[in-house]
Amino acid sequence: MKLRRIKFYATGLLLLAAAVYLISEKFGLYYVAAFSEAAMVGALADWFAVVALFRHPLNLKIPHTAIIPRNKERIARGLSDFIQQNFLSAAAVVQRIAEFRPAHTLCQWLLKPDNADTVATYATRFVAYALTAVDDERVRRFLQRTITGKLKESDFAVAAGQLLDILTENKRHHALLEAALNGLDELLAKDETRRFIATEVAKSAPLLKKISDWLQLDLDERAALKIAELAIAKVSEVRRDRDHELRKRFDEYVAGFVRRLKEDPELKIKVNRIRDELLDNPALGDYIGGLWQEFRAWLSADLNRTPSATHQRVAAMVRAFGARLEADREIRQWLDEQILTAIPPLVEEHRAKIGRFVEDQINAWQEQKLVEELERHIGPDLQYIRINGTLVGGLAGLAIAALTQLAR
């Protein structure tokens, strides 16, 4: 262990200085004795300082020793504040993310075939696991009960009314009316439609048919053509006139129907009864279950096939998304802007929690563990202080001894 080795060197240097001092004193080596004596003093002073950081030297309760264990809470609080202010500040995080260029980095990562295949592999594995999990009878029963229960609790009439409110806002429903009028116009203009109307008119007016046969006139065909022409003219009139009376009636009917869906108790009961009948109908359940089983069987077979069509499609989609992202500079810029805009509030919201987590973790440590962890990380450098103190102290003592001799 590095710490133990450096401790051995520092202590050995102290013992060496002591041995040199004893020898130099015995043989009257003045300058060597001065050097070794000062070296011992420097080594002992730095040993005391280093040990005092972590524990009481020689287990003596000397004031201002065992500094780290006694100040554990203050150190934890200070470290928490330091991390919050310097590492987790919104400005620092935003700057680092801006340098990272997330959208550019993402598209470059997605363009690599291996990465696209990795995404596709994880996606297909997840789908395969989900299919296996959902196939469990217990899960199916739970999902069926949950979804059916939620649907039965829902008020379909009010929901339909709210949906129609959205669809009819700013007269959006008139687009459907325009499409219907166009289709009707094209239908009435066809010859087969006119013949069909002639047949229906003849069936509905047998007297007119008898008169036309007796007079040898095609009154039924003429009547049909006249009716068709009037219908075409009326349709064209409604299409051209945005304020036509029929359009107003259409708006009134839609608005009334929406209002009834929301407010009419009888209509609500009818709609909800239809909902319950559909949900309780075993034929519907069997139909949906059959579709699900067919889809599951096909997907399971495909996922077990090599190569898997699903895997290839997902990988192709990932690569295509990366290519589109790379080609569109504006969307990359938009993504970066969205990320950089969303980050500051998230950092401000969570950085205090992270700081408190660090503080709580340090406070939860036993003092001995805290000392061991800190000593393991910074202890080797502190032992070099002891070594340096021994050498610097010896040189200082030698210089003092030389100056003393010169002063004499």
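**Exercise 1. Locate His64 and describe its backbone and exposure.**

His64 sits in the loop between helix 2 and helix 3 (67-70); helices here are DSSP runs of H or I with at least four residues, numbered from the N terminus. This is a predicted model, in which local features need pLDDT of at least 70, side-chain atom pairs count only at pLDDT 80 or more, and totals for chains, interfaces and linings use all residues. Residues are numbered from 1 along each chain as its sequence is written, and side-chain values use heavy atoms, with hydrogens and water left out.

Step 1. The phi of His64 is near 65 degrees, a positive value in a residue other than glycine.

Step 2. His64 counts as exposed because its relative accessibility is 66%. The classes are buried (under 20% relative accessible area), exposed (over 50%) and partly exposed (in between), with a 1.4 Å probe and protein chains only.

**Exercise 2. Determine which side of helix 5 is buried and what covers it.**

Step 1. List the buried residues of helix 5 (residues 90-100): Ala90, Val93 and Ile97.

Step 2. These residues lie on the same side of helix 5 because they cover an arc of only 70 degrees around the axis. The arc is taken from the directions from the helix axis to the C-beta atoms. In general, an α-helix has 3.6 residues a turn, so residues three or four places apart point the same way.

Step 3. Turn to the other side of helix 5, where Ala91, Arg96 and Glu99 are exposed.

Step 4. Find the cover: helix 4, helix 6 (102-111) and helix 18 are among what covers the buried residues of helix 5.

Step 5. Follow the chain onward. Arg101 comes just after helix 5, in the loop between helix 5 and helix 6. The phi of Arg101 is near 50 degrees, again a positive value in a residue other than glycine. With a relative accessible area of 44%, Arg101 is partly exposed.

**Exercise 3. Examine two charged residues that are buried, Asp46 and Arg351.**

Step 1. Asp46 belongs to helix 2 (residues 30-54). Asp46 has no salt bridge, and the nearest side chain of opposite charge, Arg386, is 7.8 Å away. A salt bridge requires a side-chain nitrogen of Lys or Arg within 4 Å of a carboxyl oxygen of Asp or Glu; Lys and Arg count as positive, Asp and Glu as negative, while His and the chain ends are not counted.

Step 2. The Asp46 side chain does reach the backbone nitrogen of Gly389, at 3.4 Å.

Step 3. Arg351 lies in helix 18 and has a relative accessible area of 18%. The side chain of Arg351 reaches the backbone oxygen of Gln84 at 3.0 Å.

Step 4. Leaving aside neighbours within four places in sequence, Arg351 is in contact (heavy atoms within 4.5 Å) with Gln84, Gln85, Leu88 and Ser89.

**Exercise 4. Identify the largest nonpolar core and the helices that build it.**

Step 1. A nonpolar core is a set of buried Ala, Val, Leu, Ile, Met, Phe, Trp, Tyr and Cys residues joined through side-chain atoms within 4.5 Å. The largest one has 11 residues, including Val50, Phe54, Leu88 and Leu382.

Step 2. Helix 2, helix 4 (72-87), helix 18 (329-364) and helix 19 (367-407) each supply at least two residues of this core. Helix 19 gives the largest share, 3 residues.

Step 3. A second, separate core of 5 residues includes Leu14, Ala39, Met40 and Ala43.

Technical notes. Polar contact = N/O pair within 3.5 Å; in protein donor to acceptor, adjacent residues only side chain to side chain.
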